[in-house]
Amino acid sequence: MTKLLVANWKMNKNGKECLEFIEAFKAKYSGKRVAWIAPQALFTKLVINSGIPSGLQNCSEHINGAFTGEISARTFKEMGGDFVILGHSERRQYFMETSKLLNAKVKTALKESLKVVYCVGETLPEREANQTLSIVGDQIHQGLNDMSEATSENLIVAYEPVWAIGTGKTASPAQAQEVHAFIRGELKKKFPTFGEKIQLLYGGSVKPDNVEELLGQKDIDGGLVGGASLKAQDFLALCGDK
Ligand code: PEP
């Protein structure tokens, strides 16, 4: 399976910086690994125009209506958008998004033909209390409950230990692999016909100097990347293009 690298730019980069990145990235990108970018929502069109798959970092569970300030999956699809990241720990932590709400968002996005990168992961106290697998298992079962629209093409799961996001602390390849193998097993039980083929991304301080070892693990099919996706040179290195 070709590895997938998803850039999550969060609330960073102005329009000029987006265009500079795209130009520098496209000049050296070989396509050895698949690259997707989720810029700030207002700049997704710049990424769409570049031909690189473009994503939102969140969307509404509703399609349209009186929901001031929300972003519709249908509108984004109509604009040429490709995917949406849902359940990022910053959304869960700062915007109180629960797995139940995320389940509604995942269903809406899939129905509107967007691909979904659904994020799960434990906090440090949860890891220290030996609760990693039960927390991640609950996030999988609640967030991906009753998924008639899901396929191995449109659903991607990202394991992002919260303690490794933006902290410079990476889960060791063995720690990441252990959780990925667990997630793979849960997805196989949940989706017997295609669960095994769902792409599993690791996220949490992925950098050029640790990416190969992480992506070398049996159940790690790619990465969801924050900090190291902001510089074209670094993201190119993650994509295997030095
Ligand atoms: C993220 O925010 O999804 C992430 C993985 O961030 P970082 O790579 O900076 O840890």
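**View 1. Five aromatic residues gather into one cluster.** In this predicted model, Trp9, Phe21, Phe25, Tyr29 and Phe235 all belong to a single aromatic cluster. Across the structure there are eight aromatic pairs. One of them is Trp9 with Phe21, and it's an edge-to-face pair, with 4.7 Å from centre to centre and 70 degrees between the planes. The two rings come from distant parts of the chain: Trp9 sits in the loop between strand 1 (4-8) and helix 1, while Phe21 is in helix 1, with twelve residues from one to the other. Both Trp9 and Phe21 are buried.

**View 2. Trp36 and Phe83 make a tilted aromatic pair.** Here the ring centres are 4.7 Å apart and the planes make an angle of 35 degrees. Trp36 belongs to strand 2 (residues 34-38) and Phe83 to strand 4 (residues 83-86), so this pair ties together parts of the chain that are 47 residues apart in sequence. Trp36 counts as buried because its relative accessibility is 8%. Phe83 counts as buried too, with a relative accessibility of 0%.

**View 3. Two charged side chains lie over aromatic faces.** Back at Trp9, take a look at Lys13: it lies over the face of the Trp9 ring, 5.1 Å from the ring centre. Trp9 is also the residue that pairs with Phe21, and it is a member of the five-residue aromatic cluster. Elsewhere, Arg91 lies over the face of Phe95, and the distance to that ring centre is 4.0 Å.

**View 4. Lys16 and Glu20 meet in a salt bridge.** The structure holds 13 salt bridges, and this one has an N to O distance of 3.0 Å. Lys16 and Glu20 are about one helical turn from each other, because they are four residues apart in helix 1 (residues 15-28). How open to solvent are the two partners? Lys16 counts as exposed, with 60% relative accessibility, whereas Glu20, with 43%, counts as partly exposed.

**View 5. Asp146 and Lys107 form a salt bridge between distant parts of the chain.** Their side chains meet at 3.6 Å, N to O. Asp146 is in the loop between helix 7 (132-143) and strand 6 (155-159), Lys107 is in helix 5 (residues 99-111), and the two are 39 residues apart. On the loop side, Asp146 is exposed, with a relative accessible area of 54%. On the helix side, Lys107 is partly exposed, with a relative accessible area of 22%.

**View 6. Four charged residues share a network of salt bridges.** The members to pick out are Arg184, Lys218, Asp219 and Asp221. Within this group, the side chains of Asp219 and Lys218 meet in a salt bridge with an N to O distance of 3.9 Å. Is each partner of that bridge buried or exposed? Asp219 is buried, with a relative accessible area of 6%, but Lys218 is exposed, with a relative accessible area of 70%.

Terms used: Residues numbered from 1 in each chain as written. Predicted model: local features only at pLDDT ≥ 70, side-chain atom pairs only at ≥ 80, totals over all residues. Heavy atoms only, no water. Buried < 20%, exposed > 50% of the residue type's maximum accessible area, 1.4 Å probe, protein only. Phe/Tyr/Trp six-rings, centres within 6.5 Å; stacked < 30°, edge-to-face > 60°. Lys NZ or Arg CZ within 6 Å of the ring centre and 35° of its normal.
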